[in-house]
Amino acid sequence: MDNKRQRARVQGGWAGGARPGSRPGFPAVPPAQRPPAWGKEQPTQEKHFVYSEPAEVVRRVPEPRVIDAAGTHEISFSPSGVSRLRLFRSFIDPREADWMFKQLHQEIPWSQKTNVGPDGSYQEPRLTCWYGELPYTYSRSMMQANPHWHPLLTMLKDRIEEVTGYGFNSLLCNLYRHDKDSIDWHSDDEPALGTSPIIASLSFGETRNFQMRKKPPPEERGDYTYVERVHVPLDHGTLLLMEGATQQDWQHRVPKEYHDRRPRINLTFRTMYPEPLSS
Ligand SMILES: O=C(O)CCC(=O)C(=O)O
């Protein structure tokens, strides 16, 4: 069956004899169609193939849930716990955010990372910069430890810590130069981020669509077709906090766009733990 989304089974059976209520699956033939019975002789009974409507099993691809209201949003519950988003609109007010965007755009030492994927190495389609006492590895490529925090980044970290009550010791800065810059589906679940990592993500510049999809249950064998989806438009000065099981149970991405987009800067504050030495 080539269309997975719509599986139909044709049901029917050979209906013979005129006995109403005969075997299940062999629907009764209405009286008008029954052969007349006279004398002892019965004409040979004709068999009809009786068609009945296919029982359709339709699986619908769920519409994405758009979250754009400030506040707390519990997006799923599972044995790993609750996955929670907290959205702070205008965490940085727009005039201040304009100034910060310019500073960060000019003063962060942006560079393009080379990642390793199943088809070999490729240039990540965005620029990045890492801050933290420990190195950070994702997509099989390492960013060196960099303890030289820009003072504006330290100030933003302090503000986020004060409002959220969480502490952070590391930061991945991302610059999406235009509509073709993106980051593909992933979770921030590297072992060095510990269990249930909390990620604070602050955005400046162009609004981009932050998309999330729930990891499928084992019986779907890695097929994401029918999973729940959440879209969060992240605009200038917005802070998004991802808590609980969000990294265990969901993936996220920022897709490429089909129309021109001006640059966007995203700062993702995290906490890194030294990895235990393997014996
Ligand atoms: O740019 C964003 O909003 C998300 C960035 C991200 O997911 C990441 O760098 O891990």
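Let's start at the ligand. Its shell divides into five nonpolar residues, five polar and one charged. Bear in mind that this is a predicted model.

Who is in that shell? Going along the chain, Leu 172, Asn 174, Ile 183 and Asp 188 are there, with Ser 201, Phe 210 and Leu 234. His 252, Val 254, Asn 266 and Thr 268 complete the list. Three elements give two or more residues each: strand 11 (170–176), strand 17 (250–254) and strand 18 (264–270).

Next, the core. The largest nonpolar core has 39 residues. Which of them touch the most other members? Ala 200 and Leu 240. Strand 11 comes up again here: five residues, the most given to this core.

Stay with Ala 200 for a moment. Set aside residues up to four places away in sequence. Ala 200 then touches Ile 160, Thr 164, Tyr 166 and Phe 168. Leu 239, Leu 241 and Phe 269 are also on its list.

Last stop, Tyr 226. Where is it? In the loop between strand 14 (208–214) and strand 15 (229–234). Why does Tyr 226 count as partly exposed? Because it has 14 C-beta neighbours inside 10 Å, and the partly exposed class sits between 12 or fewer for exposed and 20 or more for buried.

What does Tyr 226 contact, beyond neighbours within four places in sequence? Arg 59, Val 61 and Pro 62. Now take Arg 213, which is 13 residues from Tyr 226 along the chain. Their C-alpha atoms are separated by 9.7 Å.

That's the tour: ligand shell, core, loop.

Key: Residues are numbered from 1 along each chain as its sequence is written. This is a predicted model: local features need pLDDT of at least 70, side-chain atom pairs count only at pLDDT 80 or more; totals for chains, interfaces and linings use all residues. A residue is near a molecule or strand if its C-beta atom, placed from the backbone, lies within 6 Å of it. Helices (H or I, at least four residues) and strands (E, at least two) are DSSP runs, numbered from the N terminus. Ala, Val, Leu, Ile, Met, Phe, Trp, Tyr, Cys and Pro count as nonpolar, Asp, Glu, Lys and Arg as charged, and the others, Gly among them, as polar. Two residues are in contact if their C-beta atoms, placed from the backbone, lie within 7 Å. A nonpolar core is a set of buried Ala, Val, Leu, Ile, Met, Phe, Trp, Tyr and Cys residues joined through C-beta atoms within 7 Å.
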